Amino acid sequence: SPKFLFRVEQDNDPSSPKIRNLDEFQLASRLSYFLWSSMPDDTLMELAEKRQLTANLDSQVRRLLNDPRASSLVENFAMQWLQLQRIDFISPDGRLFPTFNVKLRSAMVRETELFIESIIREDRSILDLIDADYTFLNEPLAMHYGIADTAGNPIGEEVKRPGGRKIKGETFQRISLQNRNRGGLLTQASVLTVTSNPTRTSPVKRGRWVLEQILGAPPPSPPANVPELSEENENISSATLRERMETHRRKPACANCHAKMDPIGFALENFDAVGAWRTKDGTFDIDATGEFPDGTKFSGPAELKAIVMSRKEEFTRCLVEKMLTYALGRGIQYYDRPTIEKIVQALPVGKYRFSVLVTQIVNSDAFRQRRGL
């Protein structure tokens, strides 16, 4: 039955194009399924019955976000937004990446989940999603990152920050990071792994992912009949990945999009195909420099994150669009643009806090109103 599989908002006049407000029970349901992926609880239903939910909407948003059930935003929204479900089907070459296994794969995803949960639970700035000075690691993932303790001291190097506890076992601990090469979604192994190929990194995939999921500027689909980059041993050993990609970049049909994607991907080349830090790719030194078509130059992940942070309005608009789509259960339409811009402009006033983003969405006309077919 469709009514069993889908949330249905009853409408006495479904053919009418007239815009009207949701009733209190419909609003309770829409709010609960947005933040909890489940039916409204007794408090929401009692407020709806008394026709008091609209008047108490902001306080109910805070209550729902403080409830453990808000973790469904991580499981159902964030994993879709970041496209991390695909990691279950990623199989890096075991000869090239012998440390990658099921436990490490699971730890990569869990780091991202715990990180986003902390943004929600602590009501942090959504800009921390781009660059943060902390993360969550267990022993396998800490070894993968080369981090020895909770103070972020590197394995095998002099202790720069005393007081850290050794990271032991499968339990995740909050880790203070010592440099900006880690921190934020762009440098997490989960994201770096799903945007790589089984045998090597993919600057194109990584660049495209950042444009699509972070900056909201997806490039067009590639032209038909473009050959894959050669993986023959003689080609790999004779030139760097950057040099081999120049073949694609020289083609007029490819040059424009690659000029936007490739610099982003090259800035992340210090991370191998499973997100471990490296300074060489085989016998070649890593060249992590990049330049956007507008002349903006950068090198390495720390400077790339600084560039993204300088374009915070593009990131916030992208996140607003992604979350509004999830909250409404439909695609963004032209008439949603004023709503999106209103939310984007409200975020700096609210110091970009996560609760401000959610409250603005819930109070928007797009969320609180409906029309017939």
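The charged end of Arg182 sits over the ring of Tyr145, at 3.7 Å from the ring centre, and a similar arrangement places the charged end of Arg69 over the ring of Trp36, 3.8 Å from its centre; a charge is taken to sit over a ring if NZ of Lys or CZ of Arg is within 6 Å of the ring centre and within 35 degrees of the ring normal. The model is a predicted one, in which local features need pLDDT of at least 70 and side-chain atom pairs count only at pLDDT 80 or more, whereas totals for chains, interfaces and linings use all residues. Residues are numbered from 1 along each chain as its sequence is written, and side-chain values use heavy atoms, with hydrogens and water left out.

The chain holds 17 helices and 8 strands, these being DSSP runs numbered from the N terminus (H or I of at least four residues for helices, E of at least two for strands). Of its 373 residues, 50% count as buried, where buried means under 20% relative accessible area, exposed means over 50%, and partly exposed lies in between, with a 1.4 Å probe and protein chains only. The chain exposes about 18800 Å², of which carbon and sulfur atoms supply 51%; the areas come from the Shrake-Rupley method with a 1.4 Å probe, and for residues only the protein chains shown count as cover. Among contacts between residues at least 6 apart in sequence, 68% join residues at least 24 apart, contact meaning heavy atoms within 4.5 Å.

Towards the N terminus, Glu24 is found in helix H2 (residues 24–35) and, at 9% relative accessibility, counts as buried. Leaving aside neighbours within four places in sequence, Glu24 is in contact with Leu47, Ala48, Arg51, Gln52, Leu53 and Thr54; the C-alpha atoms of Glu24 and Gln52, although 28 residues apart along the chain, are separated by 7.9 Å. Arg51, one of these contacts, lies in the loop between helix H3 (42–49) and helix H4 (57–66), has a positive phi near 60° in a residue other than glycine, and counts as exposed at 57% relative accessibility. A positive phi near 60° is also found at Gln83, which belongs to the loop between helix H5 (72–82) and H6 and is partly exposed at 25% relative accessibility.

Within helix H6 (residues 102–121) lies Ser118, buried with a relative accessible area of 0%. Apart from its neighbours within four places in sequence, Ser118 is in contact with Asp123, Arg124, Tyr134, Phe136 and Arg174, and two of these partners, Tyr134 and Phe136, lead to strand S2 (residues 134–137), from which they point one way while Thr135 and Leu137 point the other way, all of them buried. S2 pairs with strand S3 (residues 173–176) in the antiparallel sense over 4 bridges, a pairing that requires DSSP to find at least two bridges between the strands, and Leu137 stands opposite Gln173 in S3.

The aromatic rings can be followed next. Rings of Phe, Tyr and Trp (its six-membered ring) pair if their centres lie within 6.5 Å, and planes under 30 degrees apart count as stacked, over 60 as edge-to-face and the rest as tilted; by this rule the count comes to 9 aromatic pairs. Tyr134 and Phe136 form an edge-to-face pair, 5.9 Å centre to centre with 90° between the planes, and both are buried. The rings of Phe292 and Phe298 have their centres 4.9 Å apart and their planes at 50°, so this pair is tilted, and both of these residues are buried as well. Ring pairs also link Phe34, Phe77, Trp81, Tyr326 and Phe367 into a cluster.

Towards the C terminus, helix H15 (residues 337–349) buries Thr339, Ile340, Ile343, Val344, Ala346 and Leu347. These residues lie on the same side of H15 because they cover an arc of only 165° around the axis, the arc being that of the directions from the helix axis to the C-beta atoms. On the other side of H15, Pro338, Lys342 and Val349 are exposed. The buried residues of H15 pack against helix H14 (312–328), helix H16 (354–362) and helix H17 (365–368), and H15 is followed by Lys351, whose phi is positive, near 60°. H16 is itself mostly covered, with 8 of its 9 residues buried, namely Phe354, Ser355, Val356, Leu357, Val358, Thr359, Ile361 and Val362.
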